[in-house]
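Visitor: I would like a close look at one part of this molecule. Please take me through its charged side chains.

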Amino acid sequence: FFLGRALQEMNSYNEAISEYKRVTTNYPTSRFLPRALINIGVCYAALEHYDRAVETYRRAIDVAANRGDQITAYLNLGDAYYRAGELREAEAAYLESLEKFPRQRSAGTVNYRLGLLYFQDGDLPRAQAHFEAARHADVSLQAVRDWVLRFNKKGPDGLVDGKSTGTPPRLNEEQCAALARVVEEGPTSCL
């Protein structure tokens, strides 16, 4: 799982998908299964394989035992549909998320994205209602400013979460390859 994360952070999405799939195949009862599926979906979305991302997020929703993983999978599902231009499906995923988890921390983000969807469709009353809901869902003023800047720069596509600008990977590509070899070789016997 962690090797997959390292590969994903290095934008080696196909290799990351292979590692995550190994986790889902070899450890089907692992607590990491839903997160591995979500990360597979993120990699597929980064590669613009939205149909595969959607399929993987749906599977993550089915197997996730905790709210956090389910909420993340629903939000990513809506985003994948949105990026694929399937706005009605995106709307349905976002609404289902709000219906199942009305008190989720990401409710502001979900409402904001619904507001954008309705705004694009010209349904201004519904757009305004969801923008207001986002404003009241503890979304910070800075987050709203960031959304406006991203929207002004790239349009609606700027509002879909991209690669995190957080802490850079600690391992370079060569170190990741070495780590992969060690993991693949398995433990060394003491005897």
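Guide: Here is a walk through the salt bridges, followed by a charged patch on the surface. Keep in mind that this is a predicted model.

Start with the count. The structure holds eight salt bridges. We will visit some of them in turn.

Take E19 and R22. These two side chains form a salt bridge. Their closest N and O atoms are 3.1 Å apart. That falls inside the cut-off, because a salt bridge needs a Lys or Arg side-chain nitrogen within 4 Å of an Asp or Glu carboxyl oxygen. Both residues sit in helix 2, which covers residues 13-26. They are three residues apart, about one turn of the helix. Now check their cover. E19 has 12% relative accessibility, so E19 counts as buried. R22 has 32%, so R22 counts as partly exposed.

Next comes a bridge between E91 and R126. Here the closest N and O atoms are 3.2 Å apart. This pair links distant parts of the chain. E91 belongs to helix 6, and R126 belongs to helix 8, residues 124-135. The two are 35 residues apart. E91 has a relative accessible area of 11%, so E91 is buried. For R126 the value is 39%, so R126 is partly exposed. The cut-offs are simple: buried means under 20%, exposed means over 50%, and partly exposed lies in between.

Stay with R126. This arginine also forms a salt bridge with D123. Their closest N and O atoms are 3.7 Å apart. D123 has a relative accessible area of 23%, so D123 is partly exposed.

Now put these contacts into a wider picture. E91, D123 and R126 are among the members of a network of salt bridges. R88 and D121 are linked into that network too.

Finally, turn to the surface. D51, E55, E86 and E89 form a negative patch there. Look at one of its members, E86. This glutamate lies in the loop between helix 5 (67-83) and helix 6 (87-100). E86 has 34% relative accessibility, so E86 counts as partly exposed. Patch members must have over 30% relative accessible area and no salt bridge.

To retrace the route: begin in helix 2 with E19 and R22, cross to the network that includes E91 and R126, and end at the negative patch with E86.

Note on methods
Residues are numbered from 1 along each chain as its sequence is written. This is a predicted model: local features need pLDDT of at least 70, side-chain atom pairs count only at pLDDT 80 or more; totals for chains, interfaces and linings use all residues. Side-chain values use heavy atoms; hydrogens and water are left out. Patches are made of residues with over 30% relative accessible area and no salt bridge: like charges are joined within 9 Å, nonpolar side chains (Val, Leu, Ile, Met, Phe, Trp, Tyr) within 5 Å. Accessible areas come from the Shrake-Rupley method with a 1.4 Å probe; for residues, only the protein chains shown count as cover. Lys and Arg count as positive and Asp and Glu as negative; His and the chain ends are not counted. The place of a charge is taken as NZ of Lys, CZ of Arg, CG of Asp or CD of Glu. Helices (H or I, at least four residues) and strands (E, at least two) are DSSP runs, numbered from the N terminus. Buried means under 20% relative accessible area, exposed over 50%, partly exposed in between (1.4 Å probe, protein chains only).
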